[in-house]
Amino acid sequence: MAKVFTCTLKESRAGMPKGTTIQVTSNLSSPTDSQIADECERRFGKKARDAQFKGYWDIR
């Protein structure tokens with residue numbers, strides 16, 4: 001069953017300010033880097049894919 005995770009950016013990265021929030025849906029226990037990258041690109045453009053590393057985000 002898919003779960004929606006709220007991801008909050010810990011520090012400014014890839015043109016997005018600290019505190020930027022995205023929601024990522026995943027069937028796993030947490031979203032993957034590629035799922036985060038896809039959502040960042042969808043909302044903020046291709047450059048935002050550079051913030052894909054899960055360690056950059058507070059994931060809940």
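Okay, let's start with glutamate 41: at 31% relative accessibility, this residue counts as partly exposed. Keep in mind that we're looking at a predicted model.

So what does glutamate 41 pair with? Its side chain meets that of arginine 49 in a salt bridge, 2.8 Å from N to O. Arginine 49 also forms a salt bridge with aspartate 38, and there the closest N and O atoms are 2.9 Å apart. That second pair links distant parts of the chain: aspartate 38 sits in helix 1, while arginine 49, eleven residues away, is in the loop between helix 1 and strand 3. Put together, Asp38, Glu41 and Arg49 make a network of salt bridges. As for exposure, arginine 49 is partly exposed at 24% relative accessible area, and aspartate 38 is partly exposed too, at 44%.

The structure holds four salt bridges, and another of them joins glutamate 39 to arginine 42, with 2.7 Å between the closest N and O atoms. These two are three residues apart in helix 1, so about one helical turn separates them. Glutamate 39 is buried, with 13% relative accessible area, whereas arginine 42 is exposed at 62%.

Now, where does helix 1 lie? Residues 33-44 form this helix, which lies across strand 2 and strand 3 and runs at about 135° to strand 2.

On to the sheet. It's an open one of three strands, order 2-1-3, with antiparallel pairing. Strand 2 (21-26) and strand 3 (57-59) are at the edges with a single partner strand each, so one side of each has no neighbour in the sheet. From one strand to the next, the twist averages 30°. Six bridges join strand 1, residues 3-9, to strand 2, and threonine 6 stands opposite glutamine 23 in strand 2.

Conventions. Residues numbered from 1 in each chain as written. Predicted model: local features only at pLDDT ≥ 70, side-chain atom pairs only at ≥ 80, totals over all residues. Heavy atoms only, no water. Pairing = 2+ DSSP bridges. Helix = DSSP H or I, 4+ residues; strand = E, 2+ residues; numbered from the N terminus. Axes fitted to C-alpha atoms, helices over the stretch in contact; angles between N-to-C directions. Contact = heavy atoms within 4.5 Å. Buried < 20%, exposed > 50% of the residue type's maximum accessible area, 1.4 Å probe, protein only.
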